[in-house]
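The following exercises are to be worked with the sequence and the coordinates at hand. Each task sentence is followed by a solution in steps.

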Amino acid sequence: MEKNLRNTSITLKMIFLTGFVGLFLWFISDTILTSKLRNIFQEQLNESLKQDVIQGRIRFDNYVRAHYQLVKLIITQKSLYDYFRDTLPGSWPEGEENRPKYYTRPPPWFPKISALRSLIKARYFLLLDNEGHVREVYTRSKGGLPEFLMAPTKHLIQLSYSENFITSIEEGFFLISSDSVRIEETNSTATLLLATPIDDKFLLSSQAHYGYDHLLALVGGAKPHIIVSTNTEIIPPGTTIESLEKDYIVIGQATFDYGNSDVLLTFTSLIPKSKLEQMTNSVLSRERFLRGITAAIFVISFTLLITFITNRINRLSLRLTDFSKNILGVKDEGYMRGDQLHVLEDRFQHMMEEVMDSRKAMKEHMDNLEVLVEQRTGELVRSREEIEASLKEKEILLREIHHRVKNNLQIITSLLDLQSEYVEDRAVLEIFNDSQSRIRAMALIHEELYKSKDLDRIDIGVYISALVENLFSTYHLDSSPVHTDIRVEEIFLPIDQANSCGLIVNELVSNSLKYAFKDGREGKIIVKIHAENGKGVVMVVGDNGIGISPSIDINKTESLGLRLVNLLATRKLKGALDVQRDNGTIFRIVFPKS
């Protein structure tokens with residue numbers, strides 16, 4: 001048995017297994033789900049039918065109310081009032097009250113048909129005089145006027161006055177509505193009475209434009225029975241509800257009491273149980289068919305998946321064979337039939353044995369390689385230590401260079417300071433002072449680089465803050481009413497850009513200290529540097545002092561300081577320079593960061 005299973009393809013085994021499991025699961029689900037779905041469907045269907053009955057009852061109620069609305073519409077028409085006033089006094093002579101005038105077409109007092117198209121169509125329209133005698137009748141019915149309407153009682157007229165009244169008489173159930181109009185000119189009253197039999201046509205008309213595939217009926221009486229149904233041949237009037245419950249599902253919704261009506265009707269829906277069972281079986285059959293299709297799709301999909309996996313296993317098995325043959329030099333065992341997983345397992349086991357043998361041989365080579373690697377690693381470590389020592393030595397040398405450059409610049413500054421003591425010309429002395437200030441700005445960069453960990457870039461924020469502080473000390477303004485507003489972000493710039501920024505700040509702040517706040521006036525010097533996405537670095541230097549003259553063109557000025565600022569901003573930094581002269585002077589420079 002085991003040998004036969006090993007020799008059978010995994011695809012065939014999985015097809016048989018999947019088919020068996022699919023049929024078993026389908027049988028179980030069909031047994032359980034069919035019962036549950038039947039109950040759920042019938043509950044939902046009953047609930048849907050109840051909602052249909054409620055909506056049908058509402059339409060029936062609205063249809064009943066529409067009869068009095070029609071009476072009210074006709075009674076308020078000017079044509080009816082004019083007819084009563086001008087025509088009736090001579091056309092209703094005494095002694096002829098029992099001879100009503102009949103119309104089969106709309107009478108003169110009737111509104112235009114176009115005004116009534118959207119309203120209900122009643123069966124009988126009666127005009128009554130002061131005494132309640134029928135004088136004129138308009139009917140669409142080919143039969144005569146019912147006997148009780150030939151001489152309607154005052155009690156009937158009172159009960160139906162200004163509302164709908166449903167009553168039961170020998171001829172059946174009728175809906176009566178009436179209203180009257182007072183003719184002031186003749187000091188008389190005329191009454192319009194509308195009467196409609198509640199029959200199958202009435203019931204169908206109340207549900208117009210709403211399709212029903214089941215029976216509707218009105219039920220009444222102490223022992224509930226059918227008053228009228230939409231199909232009197234199947235369910236004739238008088239049939240008791242008790243006799244119908246065997247073959248029908250009865251769903252009822254009581255109607256409202258209409259005014260002074262002396263009956264209570266129940267709007268009822270009757271659904272044949274055989275039809276309900278047929279609908280249920282139809283839904284279950286479709287659902288069972290869908291489950292069958294789903295099961296078939298599952299089996300086919302799973303079979304395709306297994307076929308795909310089997311093909312991949314075959315390909316993997318062949319690759320293992322090629323690897324063993326071409327790489328490991330294992331002898332080819334030939335084509336192996338049967339369960340692909342077993343074939344793959346055997347080939348993998350065979351390959352593992354060869355790999356273990358190869359691993360032993362490789363271990364011997366690895367031991368030899370480890371010795372060589374240790375030797376080479378020692379050489380690399382010694383080389384790395386030599387390189388690190390050389391780099392440290394060069395870093396110390398570079399720091400020493402920056403330190404000596406700073407010292408030399410300070411010596412030059414001291415020499416200029418000594419030389420300035422022999423200068424009496426104030427213009428030449430100012431040139432000496434400006435040169436000293438510029439040299440200090442460059443020396444400050446080398447001092448910051450000497451202290452910095454990064455010998456290639458400098459924190460412009462620390463550098464500018466120290467530079468402005470030195471300028472205030474140089475001009476002896478530590479206690480002056482001039483204040484600073486320095487807001488510089490932590491931005492690291494190369495030495496060339498930092499040197500240019502320092503010289504620009506040196507020139508502009510020096511000018512502000514010398515010229516912007518004369519006569520000891522208070523003020524503020526602004527230095528702001530920040531980075532903007534897409535623009536680069538933005539540097540703003542200015543003051544709120546007296547400002548430079550509008551006549552000075554920054555591009556053509558004779559001032560060495562301003563020319564230096566313009567050259568450094570546009571050529572050295574490759575940026576854009578903008579000067580604002582409102583409320584002091586503001587220099588705004590935007591340049592790309594290197």
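Contact is taken as heavy atoms within 4.5 Å. Axes are lines fitted to C-alpha atoms, for helices over the stretch in contact, and angles run from 0 to 180 degrees between N-to-C directions. Helices (H or I, at least four residues) and strands (E, at least two) are DSSP runs, numbered from the N terminus. The model is predicted, and local features need pLDDT of at least 70, side-chain atom pairs count only at pLDDT 80 or more, while totals for chains, interfaces and linings use all residues. Residues are numbered from 1 along each chain as its sequence is written, and side-chain values use heavy atoms, with hydrogens and water left out.

**Exercise 1. Describe the sheet of six strands and the helix that lies across it.**

Step 1. Two strands count as paired if DSSP finds at least two bridges between them. On this basis the six strands form an open sheet in the order 1-3-2-6-5-4, with mixed pairing.

Step 2. Strand 1 (101–103) and strand 4 (164–169) are the edge strands, each pairing on one side only. With direction ignored, neighbouring strands are turned by 25° against each other on average.

Step 3. Strand 1 and strand 3 (residues 134–139) run parallel and are joined by three bridges. Tyr-103 stands opposite Tyr-138 of strand 3.

Step 4. Helix 3 (residues 78–86) lies across strand 1, strand 2 (124–128), strand 3, strand 5 (172–183) and strand 6 (188–197). The helix runs at about 65° to strand 5.

**Exercise 2. Determine the environment of strand 8 and of Thr-230.**

Step 1. Buried means under 20% relative accessible area, exposed over 50%, and partly exposed in between (1.4 Å probe, protein chains only). Four of the five residues of strand 8 (residues 225–229) are buried, so the strand is mostly covered.

Step 2. Strand 7 (residues 215–220) is joined to strand 8 by four bridges, and the two run antiparallel. Val-219 has Ile-226 as its bridge partner in strand 8.

Step 3. The hairpin of these two strands has four residues between them, and Gly-221 there takes a positive phi near 100°.

Step 4. Thr-230 belongs to the loop between strand 8 and helix 8 (241–244). Thr-230 is buried because its relative accessible area is 18%. Leaving aside neighbours within four places in sequence, its contacts are Leu-203, Leu-204, Leu-215 and Leu-216.

**Exercise 3. Establish which strands of the five-stranded sheet stand at the edges and which helices pack on this sheet.**

Step 1. The sheet is open, with the order 12-14-15-17-16 and mixed pairing. Strand 12 (482–488) and strand 16 (576–580) each have a single partner strand, so one side of each lacks a neighbour in the sheet. From one strand to the next, the twist averages 10°.

Step 2. Eight bridges link strand 14 (residues 523–532) with strand 15 (residues 536–543), and these strands run antiparallel. Lys-528 stands opposite Val-540 in strand 15.

Step 3. Helix 12 (residues 460–474) lies across strand 12 and strand 14, at about 170° to strand 12. Helix 13 packs on the sheet and touches strand 14, strand 15 and strand 17 (585–591), its direction making about 15° with that of strand 15.

**Exercise 4. Decide whether Ser-500 is buried or exposed, and list what it touches.**

Step 1. Ser-500 lies in helix 13 (residues 495–516).

Step 2. Its relative accessibility is 2%, and therefore Ser-500 counts as buried.

Step 3. Not counting residues up to four places away in sequence, Ser-500 touches Leu-568, Lys-572 and Leu-573.
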